[in-house]
Amino acid sequence: MAETVVRVVIVDDHSIFRSGLRADLDPSIEVVGEAADAASAVAVIEATAPDVVLLDVHLPAASGATSGPDAAGGEAVIRGASPAVPATRFLALSVSDAAEDVVRVIRAGARGYITKGSSGAEVSRAVHAVADGDAVFSPRLAGFVLDAFGAAVGETATTSDELDRLSSREQEVMRLIARGYAYKEVAAELFISMKTVESHVSAVLRKLQLSSRYELTAWASARRLL
Amino acid sequence: MPSTTPATDAAGAAAPHTADASAPPRGEASAAGRTAERPPLRRPRDCAVSGVSAGLARHLGRPVWLVRAAFVALTLVGLGGALLYAWLWVFVPWEEPSRDAPGAREAEGARVSDEPSRSAPVAWILTGASAAAVLLTVAGIVLFGANGVVWSSLPVWVGGVVASTGLAVSAGAWATLVDRRDPARGPRHENVVRLVVTAALVVLLLAQLSALRQTGVAGFLFALVPIAGIVLVYSSILVDRWRELTGERIRRIREEQRAEMAAHLHDSVLQTLALIQNRAGASSEVARLARAQERELRAWLYDGDAPADSDLATDLRDYAAALELDYPVRIDVVSAGLPAERASGEVAAASREAMLNAARHAGGDVSVYIEGNASAVDVYVRDRGPGFDLEDIPDDRLGIRQSILGRMRRAGGTATVRRGAGGGTEVHLRFAATPASPPPPSAGARAATADTTREGRRG
């Protein structure tokens with residue numbers, strides 16, 4: 001990858017995972033900081049102003065606190081840090097956590113979400129995508145979006161500014177992602193450009209963040225995304 | 001070695017005599033055989049009262065009536081039989097419940113059928129005895145009370161009142177503590193016994209009160225005995241409630257412990273398994289094991305005790321987990337919507353075949369996407385293998401042709417196999433409850449029936 005070096009902060013309360021991820025990441029990604037809990041994460045992010053923050057969905061609020069029902073989660077980090085560093089983008093990383101956590105993190109402003117089972121190359125690719133301003137959708141998240149926005153039962157947005165439903169093109173893109181297609185393959189399949197695919201995905205992400213559709217949270221808590 | 005000589009001598013002496021000395025060894029062997037065959041001392045679960053006699057009879061190889069007669073006879077000798085009976089009752093364990101006994105199959109839940117079933121109506125016998133004692137005592141009170149013979153005959157009443165109260169209390173206790181769990185009786189029986197027993201005690205009490213003028217203070221104090229009896233009959237309910245409450249509390253504590261453990265495992269083991277997977281490379285043996293373990297652990301952590309309903313997505317997820325163990329493949333199953341399709345249907349069978357094909361011939365990453373609603377279900381199985389053309393497959397290869405394409409065609413659905421963009425193969429299965437271009441009214445009707453079947457399945 002001949003891209004510019006992306007500066008990254010890893011926020012995860014498991015030091016083993018942090019070091020593992022650090023070793024696995026592409027050389028084009030520079031880890032400028034690490035944090036193990038929400039409070040120190042905000043401090044590190046404000047001090048280093050990274051391009052991308054790799055953020056665990058489940059996080060203790062402060063070191064020493066066990067993650068449990070009172071854990072603040074990655075959501076608090078995004079809300080705490082993003083006013084100070086508006087250029088920083090967040091990528092949620094999770095070991096198959098409950099859907100409601102993932103949706104909450106996305107709605108707090110994360111640009112995407114991948115599972116911790118992803119390989120170092122996959123994470124690196126996602127980091128670059130997020131750094132370039134794209135959204136990162138895993139097949140699972142795409143499936144969730146299709147389900148939550150009622151695409152499976154044939155609900156389609158008629159106007160482009162409708163937030164609670166997906167346009168038919170967005171549905172097509174989401175379906176292909178859910179079927180395991182990479183963005184490039186989606187573009188080839190639909191005979192559109194990469195940029196168009198990315199703009200569709202970003203539009204869906206915006207809807208996911210802004211929509212008031214009640215199913216988003218209801219569905220997420222009733223079923224487990226992962 | 002002097003110690004060995006007697007043994008060798010005996011062997012040497014026995015050897016020449018084998019022909020005519022065959023009788024004693026055979027007798028020994030048969031004796032040994034009998035002890036080996038003798039069933040262990042266990043109380044059978046299908047019993048008359050406590051299973052003591054039946055268990056003992058089976059253990060000793062004697063008829064049951066003989067054992068019972070022996071108990072009765074020994075009881076006449078200084079209550080020895082009764083003591084022995086009680087001792088055995090306390091210390092002899094129940095036999096293991098047999099799962100395939102006819103009684104167990106008929107019973108609704110497995111837990112209920114584990115409880116022993118008693119054929120003798122012990123509670124009713126005790127109730128009857130109590131009622132008889134009440135009658136005798138009341139007759140005594142009425143007769144002697146009327147004749148003015150009061151003080152001297154009080155001991156007789158004492159016996160009657162105490163005996164009838166005691167019998168009534170034991171009938172109530174037996175009904176609550178023993179018969180309630182019996183699959184053949186249950187709570188209704190318990191309530192009836194308790195009511196009858198209470199009625200008997202109330203009669204006794206009224207008789208005593210009516211004779212109060214003659215009996216005086218002693219009689220008044222004595223009237224407290226049946227009252228205490230009534231209280232005791234109902235207090236057995238409290239004992240049972242308390243037992244239930246304790247069980248409930250234990251269950252709750254266990255649930256809490258489990259949740260705590262789940263949180264801990266989630267934060268430690270799942271993270272480590274994820275790390276192992278991405279360090280070991282997607283399709284290596286280690287990663288597969290870690291992934292299978294992760295799946296299993298997560299199913300245990302989050303699905304809890306709720307039985308997984310066998311919808312299409314769950315079924316295919318399970319199958320994917322099984323395939324991942326057998327082949328170097330990573331299968332991601334994503335679903336959207338609620339497919340009305342059942343897990344046992346043709347679509348599921350064809351999907352499984354497609355997944356198996358992908359795992360066997362392509363390996364690597366395989367994506368399965370299921371989307372469905374009440375009227376149609378779509379399944380996409382996509383791999384990133386070398387790919388193939390349908391025309392190139394020899395006719396004798398039945399996997400694709402018969403198990404996927406043929407099966408879907410017979411079921412009234414469609415199946416297409418094609419090369420995916422960027423390599424690999426994608427199998428698309430589609431099954432619609434409504435035909436592709438139906439006349440509008442029938443489509444509506446069919447959609448409605450599909451909806452109702454779904455409702456029915458949920459309810």
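**Exercise 1. Determine which residues of S3(A) lie on each of its faces, and whether these are buried or exposed.**

Solution. In this predicted model, A:Val52, A:Leu54 and A:Asp56 lie on one side of S3(A), while A:Val53 and A:Leu55 lie on the other, and all of them are buried. The step from sequence to faces follows a general pattern: in a regular strand, side chains alternate between the two faces of the sheet. A residue counts as buried when 20 or more other C-beta atoms lie within 10 Å of its own. By this criterion 5 of the 5 residues of S3(A) are buried, so the strand is largely enclosed by the rest of the structure.

**Exercise 2. State which strands pair with S3(A), and identify the partners of individual residues.**

Solution. Begin with strand S1 (residues 6–11) of chain A, which runs parallel to strand S3 (residues 52–56) of chain A and is joined to it by 4 bridges. Within this pairing, A:Val8 stands opposite A:Val52, and A:Val9 stands opposite A:Val53. Next, consider S4(A): 5 bridges join it to S3(A), again in parallel. Here A:Leu55 has A:Ala92 of S4(A) as its bridge partner.

**Exercise 3. Give the strand order of the sheet in chain A, and explain why S2 and S5 each have one side without a neighbour.**

Solution. The sheet is open and has 5 strands, in the order S2-S1-S3-S4-S5, with parallel pairing. Strand S2 (29–35) and strand S5 (113–115) of chain A stand at the edges; each has a single partner strand, so one side of each lacks a neighbour in the sheet. From one strand to the next, the twist averages 25°. Finally, add the helix that crosses the sheet: helix H5 (residues 120–131) of chain A lies across S1, S2, S3, strand S4 (89–94) and S5 of chain A, at about 155° to S4(A).

**Exercise 4. Identify the residues with the most contacts inside the largest nonpolar core, and trace the contacts of A:Val127.**

Solution. The largest nonpolar core has 112 residues, and A:Leu91, A:Ala92 and A:Val127 have the most contacts inside it. Helix H15 (residues 346–362) of chain B gives the most to this core, with 8 residues. Apart from it lies another core of 26 residues, including B:Leu126, B:Val169, B:Ala171 and B:Ala223. Now take A:Val127: setting aside residues up to four places away in sequence, it touches A:Val6, A:Val8, A:Ile29, A:Val52, A:Leu54 and A:Leu91. A general tendency provides context: in soluble globular proteins, nonpolar side chains tend to be buried together.

**Exercise 5. Describe the side of chain A that touches chain B.**

Solution. First count the participants: the contact takes 32 residues from chain A and 27 residues from chain B. Then assign elements: helix H1 (15–24), helix H6 (139–148) and helix H8 (183–190) of chain A each give two or more residues to this side of chain A. H6(A) supplies the largest share, 5 residues. By class, this side of chain A has 11 nonpolar, 12 polar and 9 charged residues.

H8(A) can be examined further. Its buried residues are A:Tyr183, A:Glu185, A:Val186 and A:Ala187, and what covers them includes helix H7 (168–178) and helix H9 (194–210) of chain A. Just after H8(A), A:Phe191 takes a positive phi of about 55°.

**Exercise 6. Determine whether B:Val134 is buried or exposed, and list its contacts beyond its sequence neighbours.**

Solution. B:Val134 belongs to helix H8 (residues 122–147) of chain B. With 27 other C-beta atoms within 10 Å, B:Val134 is buried. Leaving aside neighbours within four places in sequence, B:Val134 is in contact with B:Ser164, B:Ala200, B:Val203 and B:Leu204. B:Val134 and B:Ala207 are 73 residues apart in sequence, yet their C-alpha atoms are 9.6 Å apart in space.

For the setting, chain B comprises 17 helices and 7 strands, and 30% of its 459 residues count as buried.

**Exercise 7. Establish where in chain A confidence is highest and where it is lowest.**

Solution. The mean pLDDT of chain A is 78, and 79% of its residues reach 70 or more. Confidence is highest in S1(A), at 90, and lowest in helix H10 (residues 214–222) of chain A, at a mean of 56. Over residues 64–71 of chain A the pLDDT is below 50, although this stretch has 12 contacts in the model beyond near neighbours in sequence. Where pLDDT is low, the predicted coordinates should not be read in detail.

Methods
Residues are numbered from 1 along each chain as its sequence is written. Chains are lettered from A and ligands numbered from 1 in the order in which they are written. This is a predicted model: local features need pLDDT of at least 70, side-chain atom pairs count only at pLDDT 80 or more; totals for chains, interfaces and linings use all residues. Two residues are in contact if their C-beta atoms, placed from the backbone, lie within 7 Å. Ala, Val, Leu, Ile, Met, Phe, Trp, Tyr, Cys and Pro count as nonpolar, Asp, Glu, Lys and Arg as charged, and the others, Gly among them, as polar. A residue is buried if 20 or more other C-beta atoms lie within 10 Å of its own, exposed if 12 or fewer, and partly exposed in between; C-beta atoms are placed from the backbone. Two strands pair if DSSP finds at least two bridges between them. Axes are lines fitted to C-alpha atoms, for helices over the stretch in contact, and angles run from 0 to 180 degrees between N-to-C directions. pLDDT is the predictor's confidence in each residue, from 0 to 100. A nonpolar core is a set of buried Ala, Val, Leu, Ile, Met, Phe, Trp, Tyr and Cys residues joined through C-beta atoms within 7 Å.
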